[in-house]
Amino acid sequence: MAKIIFFRLLIIGLAFWLIETPAYAAAGIEAVTVTTGKQGGQTYTVTIQILALMTLLTLLPAMLLTMTSFTRIMIVLSLLRTALGTGQAPSNQVLLGLSLFLTIFIMMPVLDKVNAEAVQPYLEEKIDAVAAIEKASEPFKQFMLKQTREADLELFIRISGNAPLESADNVPFSLLLPAFVTSELKTAFQIGFLLFLPFLIIDLVVASVLMSMGMMMLSPMIISLPFKLMLFVLADGWSLIMEMLAASFYVS
């Protein structure tokens, strides 16, 4: 046991000695180096850029929920599953995957614009990182403004205590994000209400028939589920839902 502890201490000491050696110290990467460009802009070392990118990746789920069509799609599909009464079919993983890829499909024009105006110029070193972020935020801002109700935007402007804005272009992200999410929640629940109506009618009809036949101990859900599934399949429900969700963003 004493030999093991001795060898561990020896290895740790050797590692610290190598780090303090000038030859190894010179091979390290400088933590922060700021370079001033010809036009006065400042750029950072690759190390800091990678750190910023990794930090941004941790915020990616929040950005997906608050800046894209993902929230509306996921809520509508979840309400549809509840209206059908199928329990956990489709599973949460299936709904998440479907919502994610449908979000990519809907957001593709925005992503193409971000790539053309921000990503490619930055990779070609025509603009710096700060300008690239500003240019990348503009397409998302325009998309979010088209989906946001004026009443929700005015609500958060009133709550924040700011003066009324002259135009939509002056709306900051700190006000646009909560207004956009609120509008998406309202729209999703409105669509979910319309989806519930036909299945609710089937449940009421089946419950009334069973009550009139005296079958009060038999659950109406067991009888109505096959009829709801048959209605949904005959109406080509999945295609209609996907088309409706995509059109709800393009028409806006």
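This report looks at a nonpolar surface patch and at two helix pairs in a predicted model.

Residues are numbered from 1 along each chain as its sequence is written. Local features need pLDDT of at least 70, and side-chain atom pairs count only at pLDDT 80 or more.

**The nonpolar patch**

Let's start at the surface, where Ile201, Val205, Val209, Met213, Met215, Leu218 and Ile222 make a nonpolar patch of about 630 Å². Patch residues have over 30% relative accessible area and no salt bridge, and nonpolar side chains are joined within 5 Å. A salt bridge here is a side-chain nitrogen of Lys or Arg within 4 Å of a carboxyl oxygen of Asp or Glu. Areas come from the Shrake-Rupley method with a 1.4 Å probe.

With three residues, helix H9 (residues 173-212) gives the most to this patch. Ile222 sits in helix H10 (residues 220-234), and Ile222 counts as exposed because its relative accessibility is 55%, the cut-off being over 50%. Helices are DSSP runs (H or I, at least four residues), numbered from the N terminus.

**How the helices pack**

Two packed helices are described by the angle between their axes and the distance between the axes. Axes are lines fitted to C-alpha atoms, with angles from 0 to 180 degrees between N-to-C directions.

| Helix pair | Axes come within | Crossing angle |
|---|---|---|
| H6 (residues 92-123) and H7 (residues 129-147) | 9 Å | roughly 165° |
| H7 and H9 | 9 Å | roughly 45° |

H6 is therefore roughly antiparallel to H7 (over 145 degrees), and H6 passes H7 in a right-handed crossing. H7 and H9 are oblique to each other (outside the ranges under 35, 65 to 115 and over 145 degrees), and their crossing is left-handed. A crossing is left-handed if the near helix is turned anticlockwise from the far one by less than a right angle, and right-handed if clockwise.

Note on methods:
Heavy atoms only, no water. Patch = residues over 30% accessible without salt bridge, like charges linked within 9 Å, V, L, I, M, F, W, Y side chains within 5 Å. Helix = DSSP H or I, 4+ residues; strand = E, 2+ residues; numbered from the N terminus. Buried < 20%, exposed > 50% of the residue type's maximum accessible area, 1.4 Å probe, protein only.
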